[in-house]
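Here is a friendly tour of how this chain folds and which side chains meet. Have the model open beside you as you read.

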Amino acid sequence: MAWNEPGGKNNDPWKNRGGRDQGPPDLDDVFKNLFGKFGKSGGGKGGSGSNMGKFGIGLIVGLLVVIWFVSGFYTIREAERGVVLRFGQYYKQVEPGLRWKPTFIDRVIPVDVQSIRDQASSGSMLTEDENVVRVQMEMQYRVVDPYRWTFAVTSPEMSLSQALDSAIRYVVGHSSMDDVLTDGREVTRQRVWEELQSIIEPYNLGVSILDMNFKDARPPEEVKDAFDDAISAQEDEQRFIREAEAYAREIEPRARGQVNRMNEEAQAYKERVILEAQGEVARFAELLPQYEKAPEVTRDRIYLETMEEVYSRTSKILIDNEKGSSMMYLPLDKIMERQGSMEPKRSRSSLQGLQNQGDRERNQTSQNESGLREGRFRNERE
């Protein structure tokens, strides 16, 4: 049985006893009594009631004015700029600090212009070579014009998201799968950035795109293993190329050094041959006058020296023995060592001997000429 049903005296939670109502007061009765008191105070004797009513109204109005004035204070943070609307229309832009606005007349919209915001987009897309890839990119931007950011479009974040998604799909649709997934990622990123700039430029959203990052780009799971093999092959190719370039950088200086050494050796050989030829020419030029004066003696001497030089380089020894065939002991090793040590001295001594021979022949010739002149002089005197 409910507590408010007739006859339920023990079920009354307000403990009403003796038929008296002890429940909560009715709000309608409270307001009626309050307004009745104000009416009685206004209609009393004299002007005291009227003055009390005016004072109450003035007090209430003053409180409302104070509340309205205090509620107009607001603060714009350092990283924000405030866009002020007066009766719903753009009025001005305020800088950071403590500000005041008339409540119910002006409205202030704070806009963060220093924080870097992120906007991501992802999805499965069809490439130019009819392959499906899943691409995920992230854009970083910052608001530079609070007014354009607030009023250019209805929802700037949604507009940026749709523009980013459109730019990614356009660029991926005009690229091959290898360009998107392997070595063309940087080019694709740059193209997406440029395409996004061209899309949002007509809307003048008041934002600046700071960076564009590739977060993920992968082929479908069905062909992931094959694509991983292709990626490994490309990495091996790049590794082999780098190793070949390193080997080339290592071997090239060595080859250049060998070339320089061979050039220097060839130049030295050239100079040596030229000097030897000039020496031979000078030697024969000195022998020519001596040969003209005593050809047989000079010829025999040159022959002997030549044969001595030729036979000094051979290990065979010829012995002319007229008395018999008696055995002779020849220390060939000692003879060869002595010939090797005396060979440079012999070449110098031969040239010196030729010069001395020429000097002797010139002296003999001069003596003969002087003797002929003396004999001629004596004959004339006689």
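Contact here means heavy atoms within 4.5 Å. Axes are lines fitted to C-alpha atoms, for helices over the stretch in contact, and angles run from 0 to 180 degrees between N-to-C directions. Helices (H or I, at least four residues) and strands (E, at least two) are DSSP runs, numbered from the N terminus. This is a predicted model, in which local features need pLDDT of at least 70 and side-chain atom pairs count only at pLDDT 80 or more, while totals for chains, interfaces and linings use all residues. Residues are numbered from 1 along each chain as its sequence is written, and side-chain values use heavy atoms, with hydrogens and water left out.

**The sheet of strands 6, 7 and 8, and its helices**

- Strands 6, 7 and 8 make an open sheet in the order 6-7-8, with antiparallel pairing; two strands pair if DSSP finds at least two bridges between them.
- Strand 6 (117-126) and strand 8 (207-218) are at the edges with a single partner strand each, so one side of each has no neighbour in the sheet.
- From one strand to the next, the twist averages 20 degrees.
- Strand 7 (residues 132-143) and strand 8 run antiparallel and are joined by 10 bridges.
- Look for M139, which stands opposite M212 in strand 8.
- Helix 4 (residues 156-173) lies across strand 6, strand 7 and strand 8, at about 40 degrees to strand 6.
- Helix 6 (residues 185-200) lies across strand 7 and strand 8, and it runs at about 140 degrees to strand 8.

**The sheet of strands 3, 2 and 5**

- Another open sheet of three strands has the order 3-2-5, again with antiparallel pairing.
- Its edge strands are strand 3 (89-94) and strand 5 (106-112), each of which pairs on one side only.
- The twist here averages 25 degrees from one strand to the next.
- Seven bridges pair strand 2 (residues 80-86) with strand 5 in the antiparallel sense.
- V84 faces a residue of its own kind, as V84 stands opposite V108 in strand 5.
- As general background, strands of a sheet pair through backbone hydrogen bonds, either parallel or antiparallel.

**Aromatic rings**

- Searching the whole structure gives seven aromatic pairs; rings of Phe, Tyr and Trp (its six-membered ring) pair if their centres lie within 6.5 Å, and planes under 30 degrees apart count as stacked, over 60 as edge-to-face and the rest as tilted.
- One of them joins W68 and W100 edge-to-face, at 5.9 Å centre to centre and 85 degrees between the planes.
- W68 lies in helix 2 (residues 48-70) and W100 in strand 4 (residues 97-100), so this pair ties together parts that are 32 residues apart in sequence.
- W68 is partly exposed, at 30% relative accessibility, and W100 is partly exposed at 35%; buried means under 20% relative accessible area, exposed over 50%, and partly exposed in between (1.4 Å probe, protein chains only).
- Y141 and W149 form a tilted pair, 6.1 Å centre to centre with 40 degrees between the planes.
- Y141 is buried at a relative accessible area of 2%, and W149 is buried at 7% relative accessibility.
- W68, F69, F73 and W100 belong to one aromatic cluster.

**Charges over rings**

- The charged end of R86 sits over the ring of Y91, 4.0 Å from its centre; this requires NZ of Lys or CZ of Arg within 6 Å of the ring centre and within 35 degrees of the ring normal.
- R283 lies over the face of F284, 4.7 Å from the ring centre.

**Salt bridges**

- The whole structure holds 14 salt bridges, each a side-chain nitrogen of Lys or Arg within 4 Å of a carboxyl oxygen of Asp or Glu.
- R86 also meets D106 in a salt bridge (2.7 Å, N to O).
- R86 lies in strand 2 and D106 in strand 5, so the pair ties together parts that are 20 residues apart in sequence.
- R86 counts as partly exposed at 30% relative accessibility, whereas D106 counts as buried at 7%.
- E80 and R77 meet in a salt bridge too (2.5 Å, N to O), with E80 buried at 9% relative accessibility and R77 exposed at 56%.
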